[in-house]
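Colleague: Before I use this model at the bench, I would like to go through the words used to describe it and hear what stands behind each of them.

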Amino acid sequence: MSPRTDHYPREFPAQQQEPPGLTDAMDPRPDHGEDSYRGTGRLTGMRALITGGDSGIGRAIAIAYAREGADVAISYLPEEHPDGEATAALVSDAGRRVVTVPGDLTDRRTCLDVAERALSELDGVNILVNNAGFQMARSQSIEEVSAEQLDRVVGTNFTALFWLTQALVPHLSAGDCIINNSSIQAYDPSGSLLDYAATKSAINNFTVNLAAELGPRGVRVNAVAPGPIWTPLQPATQPVAKVEKFGQDTPFGRAGQPVEVAPAFVFLASPTEASYVSGTILGVTGGKPVF
Ligand code: NAD
Ligand code: MG
């Protein structure tokens with residue numbers, strides 16, 4: 001088995017969607033581990049809140065966490081209802097409790113409601129995965145970034161993450177953890193993602209700083225920095241020409257699939273395997289450096 005060539009296409013058919021994008025409209029459909037992920041009880045009895053858990057990397061995390069024995073709450077935008085329901089069914093199929101919490105996280109009130117519903121309906125939260133994110137890569141220069149775009153990018157990627165974390169920290173105990181979804185863009189930023197890349201750098205800074213604050217309480221804080229991963233975000237926010245060649249600029253010469261990112265989130269969530277891991281950012285990048 002070669003990480004360069006096995007299983008996954010090098011080129012993608014031309015395609016475009018409107019944000020936030022839906023899984024069923026993608027060609028090929030992403031692999032979230034539906035047919036392959038095998039759990040070994042590493043998160044037995046834990047309860048996780050995954051923002052953006054409907055699709056892409058978030059769906060792969062939801063499947064993996066459920067098969068590792070965790071109950072799962074997923075949040076997503078109301079218009080992503082079909083994807084949210086599909087992920088919820090996969091968690092239920094694994095025999096775990098699932099809570100779906102639609103809502104726009106750029107509204108602080110929604111962040112507080114999502115935190116509250118996850119806490120009450122799962123009887124607590126042990127793992128917060130701040131995975132929701134937005135980008136718009138169709139602009140080419142700083143002059144093309146509108147006020148609305150900047151508010152949405154910063155509001156989704158950083159401000160919502162801050163409010164949700166602030167709401168849940170008082171409820172986390174020793175052994176619990178927070179995992180943020182960063183990006184290769186924090187290290188190797190693309191000109192067309194000026195605003196988005198900066199939010200991912202801010203997430204890294206927030207991750208190490210909060211890890212220092214919560215370490216004395218035994219709460220671990222880490223991040224995963226994915227490279228190019230085949231999810232609805234890409235055809236919904238990248239120009240067609242970029243979608244077709246997506247991921248070819250990595251040393252492996254291809255995009256990754258969500259199923260290849262989820263194990264990093266399982267490792268970081270595991271209170272035994274990652275018992276001494278906090279304040280780190282784990283790259284899953286197809287060979288690109290994260291330092
Ligand atoms: P995705 O579109 O499947 O997931 C992103 C999710 O964010 C959406 O499903 C949506 O539910 C949620 N979201 C966006 N705006 C929201 C809002 N205002 N309120 C509530 N939820 C909102 O795409 P993905 O690629 O799996 O993205 C997941 C995370 O991975 C993001 O943080 C993204 O920045 C990060 N990431 C992705 C890649 C990649 O190449 N796909 C690379 C590095 C990092
Ligand atoms: Mg989605």
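Colleague: What makes you say that strand 2 is mostly covered?

Modeller: This is a predicted model, and in it six of the six residues of strand 2 are buried. Buried is the word for a relative accessible area under 20%, so strand 2 counts as mostly covered. Asp71, Ala73 and Ser75 point one way from the strand, while Val72, Ile74 and Tyr76 point the other way. That fits the general rule that in a regular strand the side chains alternate between the two faces of the sheet.

Colleague: How do you know that strand 1 and strand 2 pair, and in which sense?

Modeller: Two strands are taken as paired when at least two bridges are found between them; strand 1 (residues 47–51) and strand 2 (residues 71–76) share five bridges, in the parallel sense. Ala48, for instance, stands opposite Val72 in strand 2.

Colleague: Why are strand 3 and strand 7 called edge strands?

Modeller: The open sheet holds seven strands in the order 3-2-1-4-5-6-7, with parallel pairing. Strand 3 (98–102) and strand 7 (281–284) each pair on one side only, and they are the edge strands. From one strand to the next the twist averages 15°.

Colleague: What makes Asp54, Ser55 and Glu80 donors of the magnesium ion (ligand 2)?

Modeller: The cut-off for a donor atom at this metal is 2.8 Å, and the OD of Asp54, the OG of Ser55 and the OE of Glu80 lie 2.1 to 2.2 Å from the magnesium ion, so they count as protein donors. Asp54 sits in the loop between strand 1 and helix 1 (56–67) and Glu80 in the loop between strand 2 and helix 2 (81–93), so this pair ties together parts that are 26 residues apart in sequence. Asp54 and Glu80 are both buried.

Colleague: How do you know that the buried residues of helix 2 line one face?

Modeller: The buried residues of helix 2 are Asp83, Gly84, Thr87, Ala88, Leu90 and Val91. Seen down the helix axis they fall within an arc of 160°, so they line one face. These residues pack against helix 1, strand 2 and strand 3. As to its length, helix 2 has 13 residues and reaches 18 Å from its first C-alpha to its last, close to the 18 Å expected.

Colleague: Why is Ser201 called partly exposed, whereas Asp123 is called exposed?

Modeller: Ser201, which lies in helix 5, has a relative accessible area of 37%; partly exposed covers values between the 20% limit for buried and the 50% limit for exposed, so Ser201 is given that word. Asp123, found in the loop between helix 3 (108–121) and strand 4, is at 52% relative accessibility and therefore counts as exposed.

Colleague: What is notable about the phi of Asp123?

Modeller: Asp123 has a positive phi of about 60° although it is not a glycine. In general, most residues other than glycine have a negative phi, and most peptide bonds are trans.

Colleague: Which peptide bonds are cis, and how do you know?

Modeller: Among them is the bond from Pro19 to Pro20, with omega near 5°, and another joins Asp27 and Pro28, where omega is about 0°. Pro20 is placed in the segment before strand 1, and Pro28 is also in the segment before strand 1.

Key: Residues are numbered from 1 along each chain as its sequence is written. Chains are lettered from A and ligands numbered from 1 in the order in which they are written. This is a predicted model: local features need pLDDT of at least 70, side-chain atom pairs count only at pLDDT 80 or more; totals for chains, interfaces and linings use all residues. Side-chain values use heavy atoms; hydrogens and water are left out. Helices (H or I, at least four residues) and strands (E, at least two) are DSSP runs, numbered from the N terminus. Axes are lines fitted to C-alpha atoms, for helices over the stretch in contact, and angles run from 0 to 180 degrees between N-to-C directions. Donors are N, O and S atoms within 2.8 Å of the metal (3.2 Å for Na, K and Ca); water is not among the atoms, so sites may look incomplete. Buried means under 20% relative accessible area, exposed over 50%, partly exposed in between (1.4 Å probe, protein chains only). The expected span of a helix is 1.5 Å times one less than its number of residues. The arc is that of the directions from the helix axis to the C-beta atoms. Contact means heavy atoms within 4.5 Å.
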